[in-house]
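Visitor: Could you walk me through this one? I'd like to know what the words mean and how you decide when to use them.

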Amino acid sequence: MATSRLLRTSAAFLAATALLISGCSSGSSSPDDEASPGLTTEAGVQRPADEPTLAPLPASTPAGLRAYYDQKLTWHACGKGFQCATMKAPLDYSHPEAGDTKLAVARKKASGPGSRLGSLLVNPGGPGGSAIDYLEQYAPQPAAIRARYDMAAMDPRGVDHSQPVECLSDKQMDRYTEVDQTPDSPAEVDKLATAFRTFAQGCASRSGKLLSHVSTVEAARDMDVLRAVLGDEKLHFVGASYGTFLGATYAGLYPSRVGRMVLDGAMNPELDSRTTNIEQTAGFNTAFTAFATDCIKHKNCPLGTKSTADAGEQLTAFFKKLDAHPAVTGEDRKLTESLATTGVIAALYDQRAWPLLRDYLAQAKAGNGRGLLTFSDSYYEREPNGSYSNQMYANPAVNCLDLAPAFTGPDQVRAALPSFRKASPVFGETFAWAALNCAYWPVKPTGMPQRIEAKGAAPILVVGTTRDPATPYIWAKALASQLSSATLLTYEGDGHTAYGRGSKCIDSAIDAYLLDGTVPPKHKTCK
């Protein structure tokens, strides 16, 4: 149905698409750590003045990796004008002799007219979103870009077509998504922690050695192998949401190989995990306020017509009611508090879903939870037959490996609840408990928060949306200030990411950059 396609496309751009389940992880320190002199983030958290910066890799290709860079892909037709192939990369770049991982790649050759500019690699974010599936949606438009570039995609290691991370059976995943994420008692806290442990153990048993090698740095290194295999001297790239972190990481590792790079819905690599979660919680609060402001203008608003604050209180009360009495849906699953919360959050990714959200909230308050369950299923990429994509498995696998957990146990969550509730009275508690998941992850993290400067890189275009729920606008400003060659393009509006979402001002600026290398004027804002 159209609703499912709309929300799935939006959710694919997420910075931490499994936020409610896996928690967005973006660092190792926490707001409760002892403060030291240095920088202060938007959340008021101090960062060390000598904060690490991602260092570039040597320009020359190590001898142990030469075979990967020199490999020839065997392309085959895979429908609708696309070609597909399998690329090999070392499972462990530190020990390439230890074996390979196989990565699925796809492309659609430039259609002309005009001279070919090279390959344009795309990534929709997640982490865990299938770049190949996204390419099939993205490649048909815009026509001017398709004419000049070979449109290309690679599912990152652990994702969908590239030896996917697996964790649970579909039935187990159903039960997992229904677990109460606003525990009201010690017993419910234990049940949530047990769910996180079971999920992590499932990933360890089903995914093996791969689970230790799905980091963003490794994925960025895979992108450089693909660049060479495709015959391009520079990497041209459009990344959305988490894809901006992947693209920025590539730029930090290979600044001299950056071509035209668009980072839309930017993440801030400087932030630790807990700060990232708090700021993202605030982002969803901003998005909900925008929705509520619009909703109360309608006489049939299911959250009343008094004020946005009252709308938030009514939504909170509705969630609490579902906690005690889940709504029927017309199938064997009921709409629980956790599924309803997920459904509402899914709709906040795209303002085009607001009218349906009003309708589905009204139906759910009347006892029919079918609509909100549809939104929730779209978010989790659950098909009508009950099967799930691997996005919700790849997501924590990448996040929990990239950076240390926000919390090490329930006591730390309880202590942090006031700051999360302050960030969002409606969603704060849910987001705080969701951030506990990496505490039980079976693989130790390999990354840390750090600046990415990419000194010497060609001009990079960073795009931020002022009321973006998943990647708050402050992150776009932060990334643009870090990258030495970045220009910030601002979209004053709602929804997650900006490119291809209906703003001619945004689209024309990005298209001009991709086609001609024309960078928008500094401080350019589109409304």
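## Strands, side by side

Guide: Let's begin with a facing couple: Val262 sits opposite Leu461, which belongs to strand 10. This is a predicted model, with pLDDT of at least 70 needed for local features and 80 or more for side-chain atom pairs, while totals for chains, interfaces and linings use all residues. Residues are numbered from 1 along each chain as its sequence is written, and side-chain values use heavy atoms, without hydrogens or water.

Visitor: What makes strand 9 and strand 10 a pair?

Guide: Two strands pair if DSSP finds at least two bridges between them. Strand 9 and strand 10 (residues 460–467) have four bridges, in the parallel sense, so they pass that test. The strands themselves are DSSP runs of E with at least two residues, and helices are runs of H or I with at least four, numbered from the N terminus.

Visitor: Which strands does strand 8 join by bridges?

Guide: Four bridges join strand 8 to strand 6 (residues 118–123), running parallel, and five join strand 8 to strand 9 (residues 258–264), also parallel. On the strand 6 side, Leu120 stands opposite His236; on the strand 9 side, Val238 stands opposite Val262.

Visitor: Why is strand 3 called an edge strand?

Guide: The open sheet has 10 strands in the order 3-4-5-7-6-8-9-10-11-12, with mixed pairing. Strand 3 (76–77) and strand 12 (525–526) each pair on one side only, and they are the edge strands.

Visitor: What handedness does the unit of strand 8, helix 9 and strand 9 have?

Guide: Strand 8, helix 9 (residues 242–253) and strand 9 form a right-handed β-α-β unit. The word fits when, with the strands pointing away from you, the path from the first strand over the helix to the second runs clockwise.

Visitor: How do you know whether Thr216 is buried or exposed?

Guide: Buried means under 20% relative accessible area, exposed means over 50%, and partly exposed is in between, using a 1.4 Å probe and protein chains only. Thr216 has 1% relative accessibility, so it counts as buried. Thr216 is in helix 8 (residues 216–229). Glu381, at 15%, is therefore buried too. Pro164 has 31%, so it is partly exposed.

Visitor: Why is strand 8 described as largely enclosed?

Guide: Six of the six residues of strand 8 (residues 235–240) are buried, so the rest of the structure largely encloses it. Leu235, Phe237 and Gly239 point one way and His236, Val238 and Ala240 the other. Just after, in the loop between strand 8 and helix 9, comes Ser241, which is buried at 0%.

Visitor: What makes a set of residues a nonpolar core?

Guide: The members are buried Ala, Val, Leu, Ile, Met, Phe, Trp, Tyr and Cys residues, joined through side-chain atoms within 4.5 Å. The largest one here has 161 residues, and Leu514 is among those with the most contacts inside it. Contact means heavy atoms within 4.5 Å. Leaving out residues up to four places away in sequence, Leu514 touches residues including Val238 and Val262.

Visitor: What makes an empty space a cavity?

Guide: On a 1 Å grid over the protein atoms alone, it is a set of points where a 1.4 Å probe fits but cannot get out. The search finds six cavities of 30 Å³ or more, and the largest has a volume of about 80 Å³. Grid points are joined across faces, edges and corners, and volume is the space filled by probe spheres set on them. Lining residues have an atom within 4 Å of a point; the largest cavity has 14, with Pro127 one of those nearest its centre.

Technical notes. 1 Å grid on protein atoms, 1.4 Å probe; cavity = no way out; pocket = protein on both sides within 12 Å on 5 of 7 lines; lining within 4 Å.
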